[in-house]
Structure formats: structure tokens, C-alpha cells
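Got the viewer open? Here is a short tour, one selection at a time.

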Amino acid sequence: MQSAINPAQKRLIQQTLESVNWSVTKAAKILGTTRQNLQYHIRKLGIKNHGEGDQ
């Protein structure tokens, strides 16, 4: 059974990415994780950069 997406986790990642102008490397450092792990969570949680349009 798949667990529910944690809305607080999604919001934290989204806000951190926005605060560093979507630099995944900088956001990962702030969040205390690796860039690769953060990219995984961005995909898993369906986080999109709405400022860039369709990517």
C-alpha cells in the first residue's frame, strides 16, 4: 500500500526551492540532503516550477 503524500514536506520543499530561485543544489544544502535525493522527492511529490512554464 502506498503512503499518502505529506503536505508539509511538499510545502517545505516548494518554499525552499522558491527561496533559492529553483537551484536544486542550494535547496538540497539548506534541507540537509543530497541533490539526487531532493530531485527524487521533487518528482515523487509532483513539484513543478510554475514560474518557468511547461518544462
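Which helices do the buried residues of helix 1 pack against? Keep that in mind while you get your bearings. What you have on screen is a predicted model. Colour by secondary structure and you should find 3 helices and 0 strands, in the order α-α-α along the sequence. Of the 55 residues, 25% count as buried.

**Stop 1: helix 1**

Select residues 7-19, which make up helix 1. Try a quick check on the length: with 13 residues at 1.5 Å a residue, the helix should span 18 Å, and its end C-alpha atoms are indeed 18 Å apart, so the two agree.

Now show the side chains of I13, Q14, T16 and L17, which are buried. They cover an arc of only 165 degrees around the axis, so they sit on the same side of helix 1. Turn to the other side and you'll meet P7 and S19, which are exposed.

And what do those buried residues pack against? The answer to the opening question is helix 2 (24-31) and helix 3 (35-45).

**Stop 2: the two ends of helix 1**

Click on N6. This residue caps the N-terminal end of helix 1; look for its side-chain oxygen, which lies 3.0 Å from the backbone nitrogen of A8. Then hop past the far end of the helix to N21, which follows helix 1 and has a positive phi, near 55 degrees.

**Stop 3: where helix 2 meets helix 3**

Select helix 2 and helix 3 together. Their axes come within 9 Å and cross at roughly 100 degrees. Angles from 65 to 115 degrees count as roughly perpendicular, so helix 2 is roughly perpendicular to helix 3.

Which residues meet here? Show V24, T25, A27, A28 and L31 on the helix 2 side, and R35, L38, Q39 and I42 on the helix 3 side.

**Stop 4: H41**

Stay in helix 3 and pick out H41. Is H41 buried or exposed? Its relative accessibility is 17%, and buried means under 20%, so H41 counts as buried. Leaving aside residues up to four places away in sequence, H41 touches Q9 and I13. You have already seen I13 among the buried residues of helix 1.

**Last look**

Zoom out to the whole chain. Among the contacts with a separation of 6 or more, 45% come from residues 24 or more positions apart.

How values were computed:
Residues are numbered from 1 along each chain as its sequence is written. This is a predicted model: local features need pLDDT of at least 70, side-chain atom pairs count only at pLDDT 80 or more; totals for chains, interfaces and linings use all residues. Side-chain values use heavy atoms; hydrogens and water are left out. Helices (H or I, at least four residues) and strands (E, at least two) are DSSP runs, numbered from the N terminus. The expected span of a helix is 1.5 Å times one less than its number of residues. Buried means under 20% relative accessible area, exposed over 50%, partly exposed in between (1.4 Å probe, protein chains only). The arc is that of the directions from the helix axis to the C-beta atoms. Contact means heavy atoms within 4.5 Å. A polar contact is a pair of N or O atoms within 3.5 Å; within protein, one must be able to donate a hydrogen and the other to accept it, and residues adjacent in sequence count only if both atoms are side-chain atoms. Axes are lines fitted to C-alpha atoms, for helices over the stretch in contact, and angles run from 0 to 180 degrees between N-to-C directions. Angles under 35 degrees count as roughly parallel, over 145 as roughly antiparallel, 65 to 115 as roughly perpendicular and the rest as oblique.
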